[in-house]
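Welcome! Here is a short tour for anyone meeting this structure for the first time. Take a look at the sequence and the model, then read on.

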Amino acid sequence: MGTGLVLFTRDLRIGDQPALAAAARECDAILPAFVLDRELLRRAGSPPNRLAFLLESLRDLRSSLRARGVPLVLREGDAVEETMRLVHEVGLSAVYMSADHTPYAREREQLLRRHCERERVRLCSFEGVTVIPPGSLTPSGGDHYRVFTPYWRAWSTEPPRAAARVPSRLVAVRRPPPAGPLPGLSRLTSRTPPAARQRGGESRARAQLERWLRRGPARYGEGRDELGAEHTSRLSPYLHFGCLSPVQVLERLADVDGEAGQAGSVAFARQLCWRDFHHQVLAARPDMPHADYRPRGRLWREDDDAADAWREGMTGYPIVDAGMRQLASEGFMHNRARLIVASFLTKTLGLDWRLGAARFASLLVDADVANNVGNWQWVAGTGNDTRPNRVLNPLRQARRHDPDGAYVRRYVSELAGVDGPAVHEPWSLPPARRRGLRYPEPIVGPYS
Ligand code: FAD
């Protein structure tokens, strides 16, 4: 049977954790470990929102494992070197981990596999980041789906794997190395995350799912685009860090009853399918984070002032500024607002989608390379949208998805005193009222 190292990456949970379940089944004793990967910290520029969420998730994972008698060992450095160092120190015979399909994760697994083979250590990796693993559904004559609808059709008839149970018994290796303290956030980044961001951890993820299931599914189909309401699940950071698996979410959705609830569950499953879709595109096209998926010869403008106004939420378009300010104050943005601000940057201002994706990556708690660049390219018309020239009119979007202006008033404090839908068009207010608001004039347009 031997002993196994369970290497956690972005699968920070013990429920439906196929690598942990297999190690518990196949090994006499296990050593769970997490490596704070210096290369990833460096590449990501240590975004404080995500680091704080990660540390909270690790704390939660550590206490769940400790309650079951096994420590979570924390190391810092190069993921492969530190893993192999632990394997040697403890004399382990196998490494168990989750498969992941970002370019970086694939390279890491390949390198680790080479080291393990050299040392005659088994490396076992398990799918679980998505519902359907990238590459396992393919259209005839292609290596991945390029268009969402046929992918959704194939995806929704594919039975998902059964969620792995939490192992009933975990046995720790006899002399585990020191667990190592969790670093304080201030050692990893000098920037402070906003107080309003979501907190990490499997326990909070489960609580959030149950909270949403109590009321969410019945309103989801109709309400998911309503900016002023809270009809979406807010599960994205938990899914990104693997505090919850998408299969666990699907299993709970299957229990939802009532016509509206079931319709909402299908609409929600469709969003999880979008997540899988973007992951399978990225797996097939690892250059996607920087290169256009479908180059259409678009020439992006250069305009630092416009880019700064967009980043700071000072474009003079309340709906765009509300989205950008929600991002800065919560590390989150409603999906409809993401679509509006992304269309505004790329289609209205004509600026490169990479600027927008970088801003999102530096602030979103749920920033995820597949979802982020997949969606940015979709909106910019360089990705998988079959209507690449569509432009979202920010004013029409605002009237439709924030009819009373509640979303704008919540995030754009200068406009908090403007009642009703008039908040979307401050340029139409009487000049004296407008001057008193101290809100910028529109940087382009205005739209009508
Ligand atoms: P819900 O509506 O409750 O959806 C449930 C889950 O489905 C989400 O948690 C998410 O995992 C998945 N999902 C929903 N919409 C999408 C979508 N369009 N694409 C892929 N998965 C989806 N999502 C991220 O997780 N990380 C990102 O970095 C990210 N960047 C985006 C950038 C742009 C320009 C746009 C337009 C969308 C982006 N999204 C991203 C997708 C989407 O906006 C978020 O997943 C969603 O807003 C998260 O809120 P929620 O959990 O309440 O969503």
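The largest nonpolar core here has 111 residues, and Phe34, Trp155, Val249 and Trp310 are those with the most contacts inside it. Please keep in mind that this is a predicted model. Besides that core, you will meet an open sheet of five strands and a ligand surrounded by 28 residues.

**Nonpolar cores**

- Valine 249 is a good place to begin: leaving aside neighbours within four places in sequence, it is in contact with Leu209, Leu235, Leu239, Leu244, Phe268 and Leu272.
- Apart from the largest core lies another one, of 20 residues, and its members include Val35, Leu86, Val87 and Met97.

**The sheet and its strands**

- Reading across the open sheet, the five strands come in the order E3-E2-E1-E4-E5, and their pairing is parallel.
- Strand E3 (73-77) and strand E5 (122-126) are the edge strands, each pairing on one side only.
- On average, neighbouring strands of this sheet are turned by 25° against each other, with direction ignored.
- Strand E1 (residues 3-8) runs parallel to strand E4 (residues 94-98), and four bridges join the two.
- Across this pairing, glycine 4 stands opposite alanine 94 in E4.
- On the other pairing of E1, six bridges join this strand to E2, again in parallel.
- There, valine 6 stands opposite proline 32 in E2.
- E2 also pairs with E3 in the parallel sense, over five bridges.
- The bridge partner of phenylalanine 34 in E3 is leucine 74, and Phe34 is also one of the residues with the most contacts inside the largest core.

**A closer look at strand E2**

- How many of the residues of E2 are buried? Nine of its nine residues are, so to speak of E2 as mostly covered is fair.
- Ala29, Leu31, Ala33, Val35 and Asp37 point one way from E2, while Ile30, Pro32, Phe34 and Leu36 point the other way.
- Residues on both sides of this strand are buried.

**Helices packed on the sheet**

- Helix H3 (residues 48-67) packs on the sheet and touches E1, strand E2 (29-37) and E3.
- The direction of H3 makes about 170° with that of E2.
- Helix H4 (residues 79-90) packs on the sheet too, touching E1, E2, E3 and E4.
- The direction of H4 makes about 135° with that of E3.

**Serine 98**

- You can find serine 98 in strand E4.
- Is serine 98 buried or exposed? Serine 98 counts as buried because its relative accessibility is 6%, under the 20% cut-off.
- The side chain of serine 98 makes a polar contact with the side chain of aspartate 11, at 2.5 Å.
- Not counting residues up to four places away in sequence, serine 98 touches Asp11, Gln17, Ala19, Glu109 and Phe126.

**Around the ligand**

- Of the 28 residues that surround the ligand, the closest are Tyr220, Thr232, Ser233, Arg234 and Asn335.
- Arginine 234 has a backbone N or O atom 2.7 Å from an oxygen atom of the ligand.
- Asparagine 372 places a polar side-chain atom 3.4 Å from a nitrogen atom of the ligand.
- For asparagine 375, a polar side-chain atom lies 3.1 Å from a nitrogen atom of the ligand.

Note on methods. Residues are numbered from 1 along each chain as its sequence is written. This is a predicted model: local features need pLDDT of at least 70, side-chain atom pairs count only at pLDDT 80 or more; totals for chains, interfaces and linings use all residues. Side-chain values use heavy atoms; hydrogens and water are left out. A nonpolar core is a set of buried Ala, Val, Leu, Ile, Met, Phe, Trp, Tyr and Cys residues joined through side-chain atoms within 4.5 Å. Buried means under 20% relative accessible area, exposed over 50%, partly exposed in between (1.4 Å probe, protein chains only). Contact means heavy atoms within 4.5 Å. Two strands pair if DSSP finds at least two bridges between them. Axes are lines fitted to C-alpha atoms, for helices over the stretch in contact, and angles run from 0 to 180 degrees between N-to-C directions. A residue is near a molecule or strand if one of its heavy atoms lies within 4 Å of it. A polar contact is a pair of N or O atoms within 3.5 Å; within protein, one must be able to donate a hydrogen and the other to accept it, and residues adjacent in sequence count only if both atoms are side-chain atoms.
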